[in-house]
Amino acid sequence: MAAAANHSQDQQEMNETFYLSNVVPQVLNNNIGYWSRLELYCRELAGRYKEVRLLTGPLFVPQSTNGHKGDSSYVHYEVIGHNRVAVPTHLYKVVVADDSTIEEPCLGTFIVPNEPIKGDVSLKRYQVPLKELESYLGVKLLPQLNPAKCRDLCAVDGCKMMPLQKFELIRYSQRLRDAADLNSLEEIWNELKESGNHPDSNCTKQYTQRKDYLLNKF
């Protein structure tokens with residue numbers, strides 16, 4: 001799967017990321033929140049390493065239960081719509097960052113639950129060995145890459161995503177900039193103030209400029 005924002009420099013490429021073959025049902029709060037921050041982190045890696053390769057996809061992870069027959073594992077997932085489309089329990093991302101300045105490539109494998117993730121949860125919490133992901137998929141990923149000869153991405157780069165508060169303020173500024181009318185603008189502004197985030201200078205600027213534009217337009 002390819003993230004739309006990774007192809008924003010070419011409209012045709014970006015349009016193609018919205019084909020159904022590149023789409024999975026994802027909890028909205030996760031998609032525009034934690035997962036979006038993970039994708040942003042991967043784009044930041046591209047600025048620090050010459051080559052960054054990504055593998056991304058849906059995952060159905062079994063959960064252990066304690067029943068009368070002993071410990072068993074089951075996969076429980078939601079289906080949506082008339083065609084009963086399966087909603088994955090998790091999404092995965094494999095990151096390989098390489099550069100001529102380092103002796104060994106950096107490898108990071110992450111399995112993120114497809115659910116709202118509250119707070120500034122560290123990406124390291126969802127890091128797993130590549131073998132664990134492969135066991136769920138039943139597929140050998142990157143067969144020409146030896147994980148034993150790779151460095152731990154989080155140990156080398158830190159796996160530090162943009163702080164949640166900063167990320168949320170950026171999203172609010174974008175929403176304020178794109179508000180369709182005055183009512184929507186005020187709703188977003190009030191939502192921002194009630195969210196516990198103090199409006200920064202950029203949010204205030206976007207709010208003021210958009211309000212002036214909408215007042216003059218209508």
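1. Quick bit of vocabulary before anything else: a residue is called buried here when its relative accessible area is under 20%, and exposed when that area is over 50%, with partly exposed covering what falls in between. Tyr126 has a relative accessibility of 10%, so Y126 goes down as buried. Bear in mind as you read on that this is a predicted model.

2. What does Y126 pair with? Its partner is Y34: the ring centres are 5.5 Å apart and the planes sit at 85°, so this one is edge-to-face. Y34 belongs to helix 3, while Y126 is in the loop between strand 7 and helix 4 (130-137), so the two rings tie together parts that are 92 residues apart in sequence. Y34 is buried as well, since its relative accessibility is 3%.

3. Y34 turns up again in the largest nonpolar core. That core has 22 residues, and Y34, L123 and L153 are the ones touching the most other members. At least two residues each come from helix 3 (34-46), strand 6 (90-98), strand 7 (106-113) and helix 5 (153-157). Helix 3 is the top contributor, giving 6 residues to this core.

4. Have a look at L123 while you're there. Leaving out residues up to four places away in sequence, L123 touches Y34, L38, Y41, F110, C159 and M161. There is also another core, lying apart from the largest one; this other core has 13 residues, including V94, I111, L130 and L133.

5. Helix 3 has a charged link to the loop between strand 7 and helix 4, too. R37 and D120 form a salt bridge, with their closest N and O atoms 2.6 Å apart. D120 is in that loop and R37 is in helix 3, so this pair ties together parts that are 83 residues apart in sequence. R37 has 3% relative accessibility, so this arginine counts as buried.

6. On to helices 7 and 8. W189 and Y207 make a stacked aromatic pair, at 4.2 Å centre to centre with 15° between the planes. W189 is in helix 7 (residues 182-194) and Y207 in helix 8 (residues 201-217), so the pair ties together parts 18 residues apart in sequence. Both of these aromatics are buried. For the whole structure, the search comes back with 3 aromatic pairs.

7. Which salt bridge links helix 7 with helix 8? That would be E186 with K211, whose closest N and O atoms are 3.7 Å apart. E186 sits in helix 7 and K211 in helix 8, so the bridge ties together parts 25 residues apart in sequence. E186 is partly exposed at 24% relative accessibility, and K211 is partly exposed at 29%.

8. One more bridge to note: R177 with D178, the closest N and O atoms being 3.0 Å apart. R177 is partly exposed, with a relative accessible area of 42%, and D178 is partly exposed at 49%. The total for the structure is 6 salt bridges.

9. Last stop, the early strands. V61, in the loop between strand 1 (51-59) and strand 2 (63-67), is buried, with a relative accessible area of 8%. Residues up to four places away aside, V61 touches Y74, V75, T89, H90 and Y136. V75 also helps make a nonpolar surface patch of about 260 Å², together with Y77 and V79. Y77 is in the loop between strand 3 (70-74) and strand 4 (79-80) and is partly exposed, at 45% relative accessible area.

Technical notes
Residues numbered from 1 in each chain as written. Predicted model: local features only at pLDDT ≥ 70, side-chain atom pairs only at ≥ 80, totals over all residues. Heavy atoms only, no water. Core = buried A, V, L, I, M, F, W, Y, C linked by side-chain atoms within 4.5 Å. Buried < 20%, exposed > 50% of the residue type's maximum accessible area, 1.4 Å probe, protein only. Helix = DSSP H or I, 4+ residues; strand = E, 2+ residues; numbered from the N terminus. Contact = heavy atoms within 4.5 Å. Patch = residues over 30% accessible without salt bridge, like charges linked within 9 Å, V, L, I, M, F, W, Y side chains within 5 Å. Areas by Shrake-Rupley, 256 points an atom, 1.4 Å probe, with all protein chains shown as cover. Salt bridge = Lys/Arg side-chain N within 4 Å of Asp/Glu carboxyl O. Phe/Tyr/Trp six-rings, centres within 6.5 Å; stacked < 30°, edge-to-face > 60°.
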